[in-house]
Amino acid sequence: MDSKEKQDKFAEWFYKRPKLTGFITFLILSYIASFIVFQQYKLMKEDEQREMNTILNVIRQNIEQSLKNCYTTTLTLALTIDDEGIPKDFDIIAKRLIASNYSIHTVQLSPNGIVKYIYPLESNRGALNLNILNDVSNNKDALKSIATKKMYFAGPQKLKQGGLGIIGRFPVFENNKFWGFSSVILSLKSLLKSAGIENIDNSKYYFQFSKYDMLKKKETFYLSNPTDFTKHYSMSTTIPDGDWKLHIIAKEQNFFQAQILIPGIIGIFLAALFGVLIFNLLKKPKELELLINAQARKLINSEIKYQVIFDQAAVGIAYLDSFTGKFIETNEKYCQLLGYTQKEMKELNFQSITHPEDLAEDLVLFENIKEGLIENYSIEKRLYIKNGDVLWINLTVSPLLKEDYSFVNHIAIIEDISIKKNAEILIKNSEIRFKSLFEDTPIPLWEVDFSDVKKYLLKINLINQKPKAVNAYLKANSQIFYDCLALVRVIDVNAMSLTLCEFENKENLKLGFSKIIGSDAIGDFSKIITAITQKATQGIFDTTIINANKEIRNIDLRWNVIHGYEENLERIIISTEEITERKNSEKIIVESQLRIESLINTIDGIVWECDAINYTFNFISNKVTKILAYTTTEWLSSPTFWLDHVHEEDRVWVQEFCDNQIKLLQNHEFEYRMIAKDGRTVWMRNIVTIISSDGIATQLRGLTLDITKNKEAEKELHASFQLVSEQNKRLLNFSYIISHNLRSHTSNIASIISLIESAENEEEREQFLELLKSVSASLDETMLHLNEVININTNTSILTEPLRLQHYITMTTNLLQDSIKINEVEITNEIDPDCTIIYNPAYLESVLYNIISNAIRYRHSERKPKIIISLHQENGFNVLTITDNGIGIDLKRNGNKIFGMYKTFSTNADSKGLGLFITKNQIDAMGGFINVESELNIGTTFKIYIK
């Protein structure tokens with residue numbers, strides 16, 4: 001009871017202070033409106049930030065990819081430089097590189113920083129012989145590139161040959177010595193175009209490209225767009241390859257203010273309106289209380305009289321407090337319509353169950369009754385029933401008058417009109433949709449009447465005739481086409497029809513359908529006539545029309561009878577969409593599909609599509625069978641087929657890499673190994689495009705290339721590099737030999753000549769001449785040896801053929817037969833008699849002779865010489881092994897000299913140190929190599945690796 005009294009006192013406090021209550025209501029509702037508007041502003045701001053950040057990252061990634069392509073171009077140019085520092089086939093390679101990268105328009109090679117090679121030359125002659133390191137506008141960026149030993153992009157800057165461009169310089173080093181620059185020049189416009197800036201919606205954003213000028217101490221902008229965007233929202237990112245900044249700027253300066261200003265004003269207005277309403281409702285509490293009491297007494301006096309009518313009425317009836325709108329009593333029908341009990345209804349007022357959009361009108365009319373301006377009113381409005389649904393009713397409100405014509409209560413009668421309203425809404429929506437579709441659709445539409453055409457066809461007895469008979473009749477009586485065309489009545493056309501036909505107003509087109517149907521299209525019109533005779537209600541065909549300028553347009557004509565008019569054909573909708581562009585597009589699509597099909601069938605790659613979440617493939621091209629031997633059915637039958645057949649050493653990192661790239665929504669490429677159906681290991685390169693929706697990756701599409709040959713080529717390139725390094729090493733050794741040996745001989749000759757000139761008698765001179773002949777003979781022998789080495793190293797067309805290894809071993813032992821017998825050498829040949837190798841005959845004979853003769857020559861004096869010859873496979877090589885039990889070699893002391901020229905490791909008088917040197921050069925020239933294993937006083941094993 002105390003709680004009830006406190007609540008009554010609390011409510012009474014507010015009733016007695018209507019102004020304060022109205023103001024508090026205004027403040028609360030204003031706060032709620034402000035909070036909602038502020039949340040809307042935050043959401044819009046976050047959406048734009050997210051969109052701008054995504055666009056900026058995509059453009060930056062595309063620019064960095066273009067710069068990486070430039071790096072590949074400069075690296076390729078650098079690889080054309082031979083050992084003498086001269087580019088080979090510069091123009092041919094440069095032309096191909098520019099053709100493969102449209103953003104690059106010039107390539108250069110600059111030995112020692114001086115531009116010597118340019119392609120194309122004619123348009124860039126002004127930059128020829130430019131010393132980059134001495135040029136003030138270039139040397140700073142060039143020196144930075146040299147210092148970091150990395151490619152650096154300078155500019156955009158004015159070029160010596162004219163124009164503005166970006167210069168990417170790649171420093172080239174040979175033997176850690178700076179050779180010069182490999183450079184590319186590209187325009188900023190083409191760089192940004194390849195990055196996709198032109199594809200971005202320029203109605204919302206624009207871009208700016210800048211770089212900080214260290215000399216001017218300010219930022220320089222290179223695009224024509226505004227550079228002062230401090231009043232606009234913007235984001236930027238850095239491109240480190242050229243120390244550039246890429247900015248994206250929102251065009252609308254006060255976009256968000258405009259978006260939130262109107263809702264904010266409306267919210268404040270509604271808050272004020274509700275505050276005033278509360279004030280008006282509470283300003284006269286005493287008067288309302290008196291009126292309620294009087295109306296209650298009146299209801300009590302008339303209760304018996306109206307009770308039967310009230311309870312048994314087929315409509316809802318309720319007594320309302322005239323001042324508060326609270327329900328005093330409701331009949332069973334009223335409660336049934338709203339779903340409340342009578343007790344629950346007494347806790348409500350009509351304002352709380354009235355739809356907000358209908359409340360204002362209801363309150364105004366209710367006030368007019370109370371003020372005596374009207375006697376009663378009826379309106380259609382919506383009520384909220386107990387389960388939250390909306391109920392349409394027809395409401396009639398009248399005051400319950402006392403004898404003095406005063407009142408405290410009103411009677412409200414409601415009738416359920418939901419069915420009627422729903423029907424009206426459906427009709428209205430249907431009319432609106434039809435009008436919107438007809439008037440606003442981008443397709444030219446006609447509403448026509450074919451009823452007279454059908455009557456004419458009935459008259460000449462063509463209705464329900466077989467199509468073949470109808471067509472024959474029409475062909476024999478061509479005038480029927482023109483008669484029927486004249487009977488078509490145009491009811492209405494939309495704006496797009498005027499555009500298509502290029503007429504100024506609808507009235508011109510309504511004069512008749514024949515105004516746009518030319519003689520060439522009369523035959524097509526017969527399709528509609530034939531369809532009508534078969535009682536068809538729709539049709540599609542391509543035809544032509546003639547516009548107001550007498551121009552012929554191709555159209556796709558579609559006609560459809562409106563429902564309800566199938567019998568008389570009084571209303572038919574005809575669409576006449578121009579299909580010239582569609583035809584061209586179809587042609588392009590067909591050609592594109594043919595190109596794609598041709599591309600899929602010609603490139604040595606697998607086209608595929610899979611789910612971005614679980615990598616389940618839904619498409620894979622037939623190339624998978626050629627490359628990996630799996631059928632498409634096998635591949636698609638298992639959801640984890642791809643990952644199951646990735647090489648086990650690559651499987652974990654491949655899945656982690658793909659998962660990370662998909663989360664970042666980044667298109668990506670990667671190389672890995674797969675196991676083919678026949679057990680082969682195949683190197684693959686995946687080029688993957690991510691398809692996303694609402695920021696979530698849904699599909700992956702890509703191309704998988706077989707790069708096994710590339711990997712083998714890389715391996716061969718590495719081997720070639722090793723070979724070149726070895727050749728350089730041998731060349732250095734050879735130059736040292738020439739320098740040392742020839743200098744020794746020439747020095748001896750010079751000394752002997754000096755002695756001859758100073759000889760005191762003829763006998764002494766003769767002695768010196770004999771000595772000179774000896775030195776000369778030694779020089780001649782040295783020259784012969786050097787010439788033999790040169791012939792081995794310079795012979796680029798060594799002839800090879802299948803050789804039976806057993807035969808050449810026999811030849812060698814026959815040549816050494818005397819030494820073998822004298823020294824009682826035991827030779828064990830473990831090689832299959834039918835074994836063959838691909839080799840040069842002379843080289844094979846020389847190699848076998850040198851190694852076997854050395855094994856005999858350096859035999860151990862305390863045991864019988866033994867030589868074992870065998871052959872086995874190792875890492876793709878045939879390994880010829882020759883083992884002896886001779887004196888051996890101290891490899892710790894002489895291992896790095898064993899194959900050197902004139903290097904000897906024994907006291908034998910006939911040792912010249914030339915045999916192993918020539919042997920190694922011959923083996924290297926054949927693409928193989930030789931290893932030696934040896935221990936002093938135990939023996940030596942030579943392993944010759946043959947491809």
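In what sense do strand β15 and strand β19 pair, and over how many bridges? Strand β15 covers residues 445-449, and strand β19 covers residues 572-578. The two pair in the antiparallel sense over 4 bridges. One bridge can be found by residue: Glu-447 has Ile-573 in β19 as its partner. This is a predicted model, and every value here is computed from it.

That pair belongs to a wider sheet. The sheet is open and has 5 strands, in the order β16-β15-β19-β18-β17. Its pairing is antiparallel. Strands of a sheet pair through backbone hydrogen bonds, either parallel or antiparallel. At the edges lie β16 (489-493) and β17 (538-546), and each of these pairs on one side only. From one strand to the next, the twist averages 30 degrees. A helix also packs on this sheet: α18, residues 522-533. Helix α18 touches β17 and β18 (552-561). The direction of α18 makes about 155 degrees with that of β17.

Now move further along the chain, to a pair of helices. Two packed helices are described by the angle between their axes and the distance between the axes. Helix α26 spans residues 805-815, and helix α28 spans residues 841-857. They pack at an angle of about 50 degrees. Their axes are 9 Å apart. Angles from 35 to 65 degrees fall in the oblique class, so α26 and α28 are oblique to each other. The crossing of α26 past α28 is right-handed.

Which residues make this contact? From α26 come Leu-805, Tyr-808, Ile-809, Met-811, Thr-812 and Leu-815. They meet Pro-841, Leu-844, Glu-845, Leu-848, Tyr-849 and Ile-852 in α28. The residues of this contact divide into 10 nonpolar, 1 polar and 1 charged.

Next, look at a single residue, Asp-362. It sits in helix α11, residues 356-370. Is Asp-362 buried or exposed? Its relative accessible area is 0%, and buried means under 20%, so Asp-362 is buried. Leaving aside neighbours within four places in sequence, Asp-362 is in contact with Phe-350, Thr-354, Tyr-377, Ile-379, Lys-381 and Leu-395. Take Tyr-377 from that list. Tyr-377 is 15 residues from Asp-362 along the chain, and their C-alpha atoms are separated by 9.3 Å.

Finally, step back to the whole chain. It has 30 helices and 31 strands. Of its 947 residues, 40% are buried. Among contacts with a separation of 6 or more, 57% join residues 24 or more positions apart.

Key: Residues numbered from 1 in each chain as written. Predicted model: local features only at pLDDT ≥ 70, side-chain atom pairs only at ≥ 80, totals over all residues. Heavy atoms only, no water. Pairing = 2+ DSSP bridges. Axes fitted to C-alpha atoms, helices over the stretch in contact; angles between N-to-C directions. Contact = heavy atoms within 4.5 Å. Parallel < 35°, antiparallel > 145°, perpendicular 65-115°, else oblique. Left-handed = near helix turned anticlockwise from the far one by under 90°. Nonpolar A, V, L, I, M, F, W, Y, C, P; charged D, E, K, R; others polar. Buried < 20%, exposed > 50% of the residue type's maximum accessible area, 1.4 Å probe, protein only.
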